[in-house]
Protein chains: 2
Amino acid sequence: MTVVADKSTREQIVDAADQLFYKRGFEATSFADIAKVVNISRGNFYHHFKTKDEILDAVIAARVGQTRGMLAQWEACGPDPMSRIRSFIHILVANQALIMRHGCPVGTLSTELAKLDHPSLKQASGLFTLFRVWLRKQFALLGRKADADALAMHLLARSQGVAVLANAFHDKSFVKQEVRQLCEWLESCAPKPAASNR
Amino acid sequence: MTVVADKSTREQIVDAADQLFYKRGFEATSFADIAKVVNISRGNFYHHFKTKDEILDAVIAARVGQTRGMLAQWEACGPDPMSRIRSFIHILVANQALIMRHGCPVGTLSTELAKLDHPSLKQASGLFTLFRVWLRKQFALLGRKADADALAMHLLARSQGVAVLANAFHDKSFVKQEVRQLCEWLESCAPKPAASNR
DNA sequence: GTCTATAGATTGATAGAC
DNA sequence: GTCTATCAATCTATAGAC
């Protein structure tokens, strides 16, 4: 809780692990890799984290914090639910270069942990839940209370699909095209005031 | 090229590696794991494959062959392009249990190889291309020649998104719901004969 | 809190007997 | 074509000096 300019070694480790887990994957990242980035010895490592899984949990916790902050900011800055949901869709554009190289940090971590049958999979997919709950709220505010959760899951799935294919094909124009379609779809989600109910 | 009842050791290795790469991932699978399944010694291994990457290439080649066969079968059995595309969509239902546990074999392999910066990523994403080209053809036959490729990519992305979230959440009803929506979307893709052009 | 040294297991890969 | 024995490297993790 001390406010200092330099990050603590622990924070540096979590930051480095966060990036390496994203870029190379959890299992492919060794203590040696992280230690090299932070510039500490491997032995020193175990003073801060007893196991590799503990680092993973710390990384996930850090990402949860960052995500909460981002969602809160969208909530604060977006004037209406429609534009807030648009903020979500536009991560695909803002992070396009990273997504094309390494995929979505949430989706790829979940996928990897599922394959490893890792106990932290639940915590990792909790990141999805964060977005899911937030989107659900926005869709409800948009007047789609009844199917808000289905719409949230639908949008999450669409985003994940775009990320997977963008990563596999390295296709920039595909992302642009799909984002435009997603925005059109979003517009169509608002219930028309004086129109048929279907 | 001999026709025998028993599979050759090489074929057994590829089969075992195929399954393990899918269930656990490429990097998390060791020679020892594969050797245990096939019931050979690790040393014997290198008589058939010089490196782990060679096995990966053989696995991808095998998957390409299987996929080609599946697409040809859909082509032969489906009476019209619409029902053929439906065959594609319904893999999500047919392989639901496996997808919920291990994700899509095509998507997860591409994702992993992208993170490892592995030279075989291109070959792995070639599996996506196989589906892409096939779907493109079906959409063209459906009368959507102009945007056939965009529709193919769109459908691929939607499927991948469903697979990623089904894997992360282990949600069966979500898959069902999205598949129904995909089928409705597919129906809407057919150009109406006597209707407006938009 | 950071270091060196090292344990113990596993990794991908090789050599050579049968 | 299959085996055993083994290599060198790397991995996670520990012990103990400073």
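The chat below walks through a predicted model with a chain A and a chain B.

Trainee: Okay, starting simple, how many helices and strands does chain A have?
Mentor: Keeping in mind that this is a predicted model, the secondary structure of chain A comes to eleven helices and zero strands, and reading along the sequence gives the pattern α-α-α-α-α-α-α-α-α-α-α.

Trainee: And what box do the C-alpha atoms of chain A fill?
Mentor: Taken along the principal axes, the C-alpha atoms of chain A fill a box of roughly 70 × 40 × 30 Å. Chain A has 198 residues, and buried residues make up 51% of them.

Trainee: What share of the contacts in chain A comes from residues 24 or more positions apart?
Mentor: If you take the contacts in chain A with a separation of 6 or more, residues 24 or more positions apart account for 68% of them.

Trainee: Switching to the pair of chains, what rotation superposes chain A on chain B?
Mentor: A rotation of 180 degrees does it, with 0.0 Å of shift along the axis and an RMSD of 0.0 Å. That is the relation of a two-fold axis.

Trainee: Which residue of chain A comes closest to that rotation axis?
Mentor: That is Gly161(A), whose C-alpha lies 1.9 Å from the axis, closest of the residues of chain A.

Trainee: How many residues does each chain bring to the contact?
Mentor: The contact takes 41 residues from chain A and 41 residues from chain B, and the two chains bury about 3100 Å² between them, with 66% of that area on carbon and sulfur atoms. On the side of chain A, Lys115(A), Met153(A) and Phe169(A) supply 21% of the area buried against chain B, which is more than any other three residues supply.

Trainee: Why do you say the copies meet through the same surface?
Mentor: Because 100% of the interface residues of chain A are also interface residues in chain B, the copies meet through the same surface.

Trainee: How many salt bridges cross that interface?
Mentor: The rule finds zero salt bridges across the interface of chain A and chain B, although a search of the whole structure finds 20 salt bridges over all chains.

Trainee: Let's look at Asp18(A) then, which residue does it pair with?
Mentor: Asp18(A) forms a salt bridge with Arg63(A), and the closest N and O atoms are 2.7 Å apart. Asp18(A) lies in helix α1 (residues 9-24) and Arg63(A) in helix α4 (residues 52-77), so the pair ties together parts that are 45 residues apart in sequence.

Trainee: Is that pair buried or exposed?
Mentor: Asp18(A) counts as buried at 13% relative accessibility, and Arg63(A) is buried as well, with a relative accessible area of 8%.

Trainee: And what does Glu187(A) meet in a salt bridge?
Mentor: The side chain of Glu187(A) meets that of Arg86(A), at 2.8 Å from N to O. This pair links distant parts of the chain, with Glu187(A) in helix α11 (residues 172-189) and Arg86(A) in helix α5 (residues 81-89), 101 residues apart. Glu187(A) counts as partly exposed at 42% relative accessibility, and Arg86(A) counts as partly exposed at 26%.

Trainee: Which residues are linked in a network of salt bridges?
Mentor: Glu75(A), Arg84(A) and Lys137(A) are linked in such a network.

Trainee: What about Glu112(A), how far away is the nearest side chain of opposite charge?
Mentor: That side chain is Lys115(B), and it is 6.7 Å away, so Glu112(A) is buried yet has no salt bridge, given that a salt bridge needs the nitrogen and oxygen within 4 Å. Glu112(A) is found in helix α8 (residues 105-116) of chain A, and, not counting residues up to four places away in sequence, Glu112(A) touches Gly25(A), Phe26(A) and Glu27(A).

Trainee: Last topic, how many disulfides are there over all chains?
Mentor: The count comes to zero disulfides over all chains.

Trainee: Why does Cys77(A) not have one?
Mentor: The sulfur of Cys77(A) is 18 Å from the closest cysteine sulfur, in Cys183(A), which is too far for a bond. Cys77(A) is exposed, with a relative accessible area of 60%.

Trainee: And Cys104(B), buried or exposed?
Mentor: Cys104(B) is buried, with a relative accessible area of 14%, and the closest cysteine sulfur to its own is in Cys104(A), 16 Å away and too far for a bond.

Technical notes. Residues numbered from 1 in each chain as written. Chains lettered and ligands numbered in written order. Predicted model: local features only at pLDDT ≥ 70, side-chain atom pairs only at ≥ 80, totals over all residues. Heavy atoms only, no water. Helix = DSSP H or I, 4+ residues; strand = E, 2+ residues; numbered from the N terminus. Buried < 20%, exposed > 50% of the residue type's maximum accessible area, 1.4 Å probe, protein only. Lys, Arg positive; Asp, Glu negative; His and termini not counted. Contact = heavy atoms within 4.5 Å. Least-squares fit on C-alpha atoms with pLDDT ≥ 70 in both. Disulfide = S-S within 2.5 Å. Buried area = accessible area lost by both parts, 1.4 Å probe.
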